[in-house]
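This report examines a single protein chain through its helices, cores, salt bridges and strand pairing. The sequence and structure are shown first.

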Amino acid sequence: MNAIHAWRGQLLQGHWFKHLPPTLQDSLLQAARLRSLGAGERLFQRGDAPCGLYAVVEGAMRVGAVSAEGKEALLALVEAPQWFGEISLFDGQPRTHDALAEGTVTLLWVPQAALLALLEKQPQHWRDFALLMSQKLRWVFVALEQQSLLAAAPRVAYRLLQIAAGYGEVDGPRRVLQLSQEQLALMLSLSRQTTNQILKSLQQEGALRLGYGEIEILDPAHLARLASPAGTATE
């Protein structure tokens, strides 16, 4: 129990957990268990039965899918202190995607049965979990719109800013993203060559610095101008 509560400070850096009623925060921590995964270890895969809600407290989870032909779709890298897995809480349906550890990962896991028991006793908290899901739905709708309407460069700039801000979940955007060019290309359904060309151009313009397995944002205002409707008009 003490080991789990030690992660409370980390979780409070995330907007969703920070704005929960303190009693609900306590209930989640009391029901939570620690899970550790090694690099490449699978947490769950598409079609698995619902197993509960997770929070990343160390490392990152790779969420996506692989087709029968071996083609990968990478939806997101879920990093601390983000929560995931809430969709199956609402509909009780199987998992929609695979979740694998990107390096060593530490998770807090609140089992499905514990969540349902909590919500049976305190149904007013369904809204709190709905807010977690609705935040992600908003982001998905924006991403779909951008994929249809925007050129590649603005999409790259916008996604980098979103990752830096934890998709709106954390305060104080990070400057250094632990993200490879290949991963970014998969997230945006772009070729690695196209993504590489865009990133190199942004590096030449002084907007970012490319490193091995990381991207450092040097000029977020430059990326914001490129990602804005005014900035995309020239693309």
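The following account concerns a predicted model and moves from the annotated domain to the long-range contacts of the chain.

**Annotated domain and the loop at glutamine 45**

The UniProt record, an unreviewed entry, carries the annotation "domain: Cyclic nucleotide-binding" for residues 16-119. In the model, the span of residues 16-119 is 25% helix and 45% strand, and its end C-alpha atoms lie 17 Å apart.

Glutamine 45 is located in the loop that connects strand S2 (42-44) with strand S3 (52-66). The residue is partly exposed, at a relative accessible area of 35%. Apart from neighbours within four places in sequence, glutamine 45 is in contact with Arg95, His97 and Asp98. A separation of 36 Å lies between the C-alpha atoms of glutamine 45 and leucine 226, which are 181 residues apart along the chain.

**Helix H7**

Helix H7 comprises 24 residues, 126-149. From first to last C-alpha the helix reaches 35 Å, close to the 34 Å expected at 1.5 Å a residue. Its buried residues are Asp128, Phe129, Leu132, Ala143 and Gln146.

Glutamine 146 belongs to helix H7. With a relative accessible area of 12%, glutamine 146 falls under the 20% limit and therefore counts as buried. Once neighbours within four places in sequence are set aside, the contacts of glutamine 146 are Arg155 and Tyr158.

**Nonpolar cores**

The largest nonpolar core has 27 residues. Val156, Leu160, Leu179, Leu184, Leu199, Leu202 and Ile215 are the residues with the most contacts inside this core. Two or more core residues come from each of strand S4 (72-79), helix H8 (152-164), helix H9 (181-188), helix H10 (192-204), strand S8 (208-211), strand S9 (214-217) and helix H11 (220-227). The greatest contribution is that of H8, with 6 residues.

Valine 156 illustrates the packing in this core. Leaving aside neighbours within four places in sequence, valine 156 is in contact with Leu184, Leu188, Leu190, Ile198, Leu199 and Leu202. A second, separate core of 22 residues includes Leu89, Leu108, Leu118 and Leu132. Leu132 is also among the buried residues of H7.

**Salt bridges**

Side chains of opposite charge can pair when their charged atoms come close. How many salt bridges does a search of the whole structure find? The search finds 10. Three of the pairs are listed below with their N to O distances.

| Basic residue | Acidic residue | N to O distance |
|---|---|---|
| Arginine 174 | Glutamate 79 | 2.9 Å |
| Arginine 175 | Glutamate 216 | 3.9 Å |
| Arginine 209 | Glutamate 216 | 2.8 Å |

The side chains of glutamate 79 and arginine 174 meet in a salt bridge. Because glutamate 79 lies in strand S4 and arginine 174 in the loop between H8 and strand S7 (176-177), this pair ties together parts that are 95 residues apart in sequence. Glutamate 79 is buried, with a relative accessible area of 15%, whereas arginine 174 is partly exposed at 31%.

The bridge between arginine 175 and glutamate 216 also links distant parts of the chain: arginine 175 is in the loop between H8 and S7, glutamate 216 is in strand S9, and the two are 41 residues apart. Arginine 175 is partly exposed, with a relative accessible area of 43%. Glutamate 216, at 17% relative accessibility, is buried.

Glutamate 216 forms a salt bridge with arginine 209 as well. Arginine 209 is partly exposed, its relative accessible area being 32%. Through shared partners, salt bridges join Arg175, Arg209, Glu214 and Glu216 into one network.

**The S8-S9 hairpin**

Strands S8 and S9 run antiparallel and are joined by 4 bridges. Leucine 208 has isoleucine 217 as its bridge partner in S9. The two strands form a hairpin with 2 residues between them, and glycine 213 in the turn has a positive phi of about 70°.

Which side chains of S8 point to the buried face, and which to the other? Leu208 and Leu210 point to one face and are buried, while Arg209 and Gly211 point to the other and are not. The hairpin thus appears in both preceding topics: S8 and S9 each give two or more residues to the largest core, and Arg209 and Glu216 take part in the salt-bridge network.

Terms used: Residues numbered from 1 in each chain as written. Predicted model: local features only at pLDDT ≥ 70, side-chain atom pairs only at ≥ 80, totals over all residues. Heavy atoms only, no water. Buried < 20%, exposed > 50% of the residue type's maximum accessible area, 1.4 Å probe, protein only. Contact = heavy atoms within 4.5 Å. Expected span 1.5 Å × (residues − 1). Core = buried A, V, L, I, M, F, W, Y, C linked by side-chain atoms within 4.5 Å. Salt bridge = Lys/Arg side-chain N within 4 Å of Asp/Glu carboxyl O. Pairing = 2+ DSSP bridges. UniProt positions renumbered as here; feature names shortened; annotations may be inferred.
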